Amino acid sequence: MKYNIEKQHEKGKLHAIERINAICDKDSFKEIYSGVRHNCTSFGMENKDIPYDGVITGFGKINGRKVALYAQDFTVQGGSLGLKHGQKIAELIDMAIEARCPVIGINDSGGARIQEGVDALCGYGDLFYQNVRASGSIPQISIVAGPCAGGAVYSPGITDFIFTVDKVSQLFITGPKVVKSVMFLDISTEDLGGAAIHSKKSGVAHFRCENENDCYARVRQLLDYIPHYYGDKLKSDEKPKYNAKRMQKQITEILPDNSKKGYDIREVIKCVVDEDTFFEVMEEFAANASVGFGKIEGRTVGIVANNPAGLGGVLNCDASDKIARFVRYCDSFNIPLLTFVDVPGFIPGPEEEQKGIIRHGAKVIFAYSEASVPKVTVITRKAYGGAYIAMCSKHLGADFVYAWPTSEIAVMGAEGALGILYAKEMSDPAKAAFVAEKSQEYKDTIMTPTIAAQRGYISEVINPEETRSRVAESFAVLENKTAMDHPLKKHGNIPL
């Protein structure tokens, strides 16, 4: 089939078929439904031949495993989605569910085909419905490699992972022209819905890539970490690389002497997982939490961590959403969860309260409590208040909870506690010695992980250098864990 490749190159973008070939193993893609044409007769459309109705669909292989793919062709009627276009994609997703393989969609479209009216909306509806059917059954990956506006954004919004390309991707409900006419605001497409906006501020995008080829390489990399269908058990054939001596030394040097000083939790993660296997998700959004995939002894685990390098690791609305969504994805596909805790609490103040920190924070509690996969938690430093509970504590069903010797587990830190217990003495300089004594007493009798261990809330207090071996052994013990019993119900009601 002849493709108008030059026309796309003029825009600085790859053509739909080039994109598919860049993702797939060489010569593995086979197109289906290439003969489909629209049946619209309005506004002269009966005289227009739109090849494959503007979207290429088919099956191929990535890393030797089958995948379903579709790519909208912007050179054909602006990649606009009509009835047949939408039905082709919906049919492909339905087939992917049956074939038990991931589906990858490349979005580059002017939106709904206006000439088709409600038929175009029907095409979107059929697509959305199949997106929801596929959720939790097979991974769904969206690549935004051009404009994606209006109703079109909701298909990527339903899928598991969204990849964007810097200065190429555009996602918005309404474009700059409509914003200007309604709100009298001049704004560029980049500032309204560019890749940086959605990876840093909105949290819509999971990955922002430098260019298209980088994007397709990272999609291939992601597929090496995740199960390709519900029930798929992934294990790498490669022998895991891990320098135990070097990593054990390194992990003991990460925590700063000053407990109020930040550090990057990703350095701890890298000391625990197999060498160079931490694959971070949503790296630029809510930097106070880090989530991603890693491998331990060759097996994929989902990793969630508070990151003191950002806002001290506090839980706010954005971090809560980021964590809850990732936990639910991992649970959907039976990926074990490893959680690193260093959290001073939920963020205080009117701004976050008005944004709904109660509702957002509750998502974390709900997601962890509902997750029935193996769950291992490591408390590295602080674990205060409701945030201690929320971050996969024993009380929410964690199978193993480990704490480093200097960790602190309490309702709040010593300073805050003494401000409540000894408010008068705290304001009296003459009582400084008394306050110091009570502060140390609070740390020794309340905050120490030994107390939590005595109560059975901590499985074991371990030294940092033991973390890798303890975590690996724990996941080995939990390998055949089965889902816990639930009360009779259809499903729970997560506080969305």
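A nonpolar core is a set of buried Ala, Val, Leu, Ile, Met, Phe, Trp, Tyr and Cys residues joined through side-chain atoms within 4.5 Å. Buried means under 20% relative accessible area (1.4 Å probe, protein chains only). This is a predicted model: local features need pLDDT of at least 70, side-chain atom pairs count only at pLDDT 80 or more, and totals for chains, interfaces and linings use all residues. Residues are numbered from 1 along each chain as its sequence is written, and side-chain values use heavy atoms, without hydrogens and water.

**Exercise 1. The cores**

Find the residues of the largest nonpolar core that touch the most other members.

Solution. Start with the membership: this core has 76 residues. Next, rank by contacts to other members. Ile143, Phe161, Phe163, Phe293, Ile323 and Tyr368 come out on top. Then sort by element, taking helices as DSSP runs of H or I with at least four residues, numbered from the N terminus. Helix 12 (residues 317-332) gives the largest share of the core, seven residues. Last, look for another core. A separate one of 26 residues includes Cys271, Ile296, Leu338 and Trp404.

**Exercise 2. Around Tyr368**

List the contacts of Tyr368 (heavy atoms within 4.5 Å), leaving aside neighbours within four places in sequence.

Solution. Earlier in the numbering, the partners are Val304, Ile323, Val327, Leu337 and Thr339. Later come Lys375, Ala390, Met391, Cys392 and Leu396.

**Exercise 3. The largest cavity**

Describe the largest cavity and its lining by class.

Solution. On a 1 Å grid over the protein atoms alone, a cavity is a set of points where a 1.4 Å probe fits but cannot get out; lining residues have an atom within 4 Å of a point. The whole structure has two cavities of 30 Å³ or more. The largest holds about 60 Å³, the space filled by probe spheres set on the points. Its lining includes Tyr70, Gln72, Asn107, Tyr124 and Cys148. Strand 3 (65-72) and helix 4 (118-134) each supply at least two lining residues; a strand is a DSSP run of E with at least two residues. The class count is seven nonpolar, four polar and no charged.

**Exercise 4. Cysteines**

Why does Cys209 form no disulfide (a pair of cysteine sulfur atoms within 2.5 Å)?

Solution. Find the closest cysteine sulfur: it belongs to Cys215, at 4.2 Å. That is too far for a bond, so Cys209 stays unpaired. Cys209 is also buried, at 1% relative accessibility. Repeat for Cys330. Its closest cysteine sulfur is in Cys392, 11 Å away, again too far. The total for the structure is zero disulfides.

Definitions and conventions. Buried means under 20% relative accessible area, exposed over 50%, partly exposed in between (1.4 Å probe, protein chains only). On a 1 Å grid over the protein atoms alone, a cavity is a set of points where a 1.4 Å probe fits but cannot get out, and a pocket is an open set with protein on both sides within 12 Å along at least five of seven lines; lining residues have an atom within 4 Å of a point. Ala, Val, Leu, Ile, Met, Phe, Trp, Tyr, Cys and Pro count as nonpolar, Asp, Glu, Lys and Arg as charged, and the others, Gly among them, as polar. A disulfide is a pair of cysteine sulfur atoms within 2.5 Å.
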